[in-house]
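The following note sets out, point by point, what may be read from the model shown below. It is intended to be read with the sequence and the structure side by side.

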Amino acid sequence: MESFTVSALGYGAASLTTLSLFPQALKTVRSGDTSAISLRMYGLFTLGVLAWAIYGLLRADGPVIAANLITLIPASVVLERKLRALLEGRR
C-alpha cells in the first residue's frame, strides 16, 4: 500500500501539471494571438493527454483520468485557437 506522502506527491504533481496549461489557454483566448504557439507541439501534447486519459480509463486509475481530462480542456482550447488562426491565415 502506498504511503500518504507518496500519494500526496502524486496528487500534487498532477495538480501542478494540470494547472500549468490554464494560464496559456487564458492568454490565448484573451489576446487571440497564437503566432508564438507551435501547432506540432500542441497537437502532439493534446494527443498524448488524450492517450493518458484513455490509459487511465482502461486501468481504472482515477487520478490519471481526472488529471488528464482536466488537462485536455486548456490544451484543446489552445489547439483549437491555433488551428482556427491557421485556417484564417493569421498563423
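1. Overall architecture. The protein chain of this predicted model contains 4 helices and 0 strands. Read from the N terminus, its elements follow the order α-α-α-α. The C-alpha trace extends over about 55 × 25 × 15 Å along its principal axes. Of the 91 residues in the chain, 26% are buried.

2. The largest pocket. Its volume is about 270 Å³. The lining comprises 20 residues, and those closest to the centre of the pocket are Gly10, Ala14, Pro63, Val64 and Ala67. Two or more lining residues come from each of helix H1 (4-19), helix H3 (39-59) and helix H4 (62-87). The greatest contribution is that of H1, which supplies 7 residues. As to the method in general, rolling a probe the size of a water molecule over the atoms shows where empty space is left.

3. Character of the lining. Which classes of residue make up the lining of the largest pocket? The lining divides into 10 nonpolar, 8 polar and 2 charged residues. Gly10, one of the residues closest to the centre, is counted as polar because glycine is placed in that class here.

4. A nonpolar surface patch. Leu47, Leu50, Ile54 and Leu58 together make a nonpolar patch of about 420 Å² on the surface. Leu47 belongs to helix H3. Its relative accessible area is 56%, so Leu47 is classed as exposed, the cut-off being over 50%.

5. The end of H3 and the loop that follows. Arg59 is located in helix H3, and with a relative accessibility of 58% Arg59 counts as exposed. Between the C-alpha atoms of Arg59 and Gly89 there is a separation of 42 Å, the two residues being 30 apart along the chain. Ala60 lies in the loop between H3 and H4. Is Ala60 buried or exposed? At 66% relative accessibility, Ala60 counts as exposed.

6. Backbone geometry at Ala60. Most residues other than glycine have a negative phi. Ala60 has a positive phi of about 55°, although it is not a glycine. A reader inspecting the loop between H3 and H4 will find this residue there.

7. Salt bridges. How many salt bridges does a search of the whole structure find? The search finds 2. Side chains of opposite charge can pair when their charged atoms come close. Arg81 forms a salt bridge with Glu80, with the closest N and O atoms 3.2 Å apart. Arg84 also forms a salt bridge with Glu80, and here the closest N and O atoms are 2.5 Å apart. Each pair counts as a salt bridge because its N and O atoms lie within 4 Å.

8. The network in H4. Glu80, Arg81 and Arg84 are linked in a network of salt bridges. Both Arg84 and Glu80 lie in helix H4, where 4 residues, about one turn of the helix, set them apart. As for accessibility, Glu80 is partly exposed at a relative accessible area of 31%, Arg81 is partly exposed at 27%, and Arg84 is partly exposed at 38%. These values fall between the limits for buried and exposed residues, namely under 20% and over 50%, so the three residues are classed as partly exposed.

How values were computed:
Residues are numbered from 1 along each chain as its sequence is written. This is a predicted model: local features need pLDDT of at least 70, side-chain atom pairs count only at pLDDT 80 or more; totals for chains, interfaces and linings use all residues. Side-chain values use heavy atoms; hydrogens and water are left out. On a 1 Å grid over the protein atoms alone, a cavity is a set of points where a 1.4 Å probe fits but cannot get out, and a pocket is an open set with protein on both sides within 12 Å along at least five of seven lines; lining residues have an atom within 4 Å of a point. Grid points are joined across faces, edges and corners, and a volume is the space filled by probe spheres set on the points. Patches are made of residues with over 30% relative accessible area and no salt bridge: like charges are joined within 9 Å, nonpolar side chains (Val, Leu, Ile, Met, Phe, Trp, Tyr) within 5 Å. Accessible areas come from the Shrake-Rupley method with a 1.4 Å probe; for residues, only the protein chains shown count as cover. A salt bridge is a side-chain nitrogen of Lys or Arg within 4 Å of a carboxyl oxygen of Asp or Glu. Buried means under 20% relative accessible area, exposed over 50%, partly exposed in between (1.4 Å probe, protein chains only).
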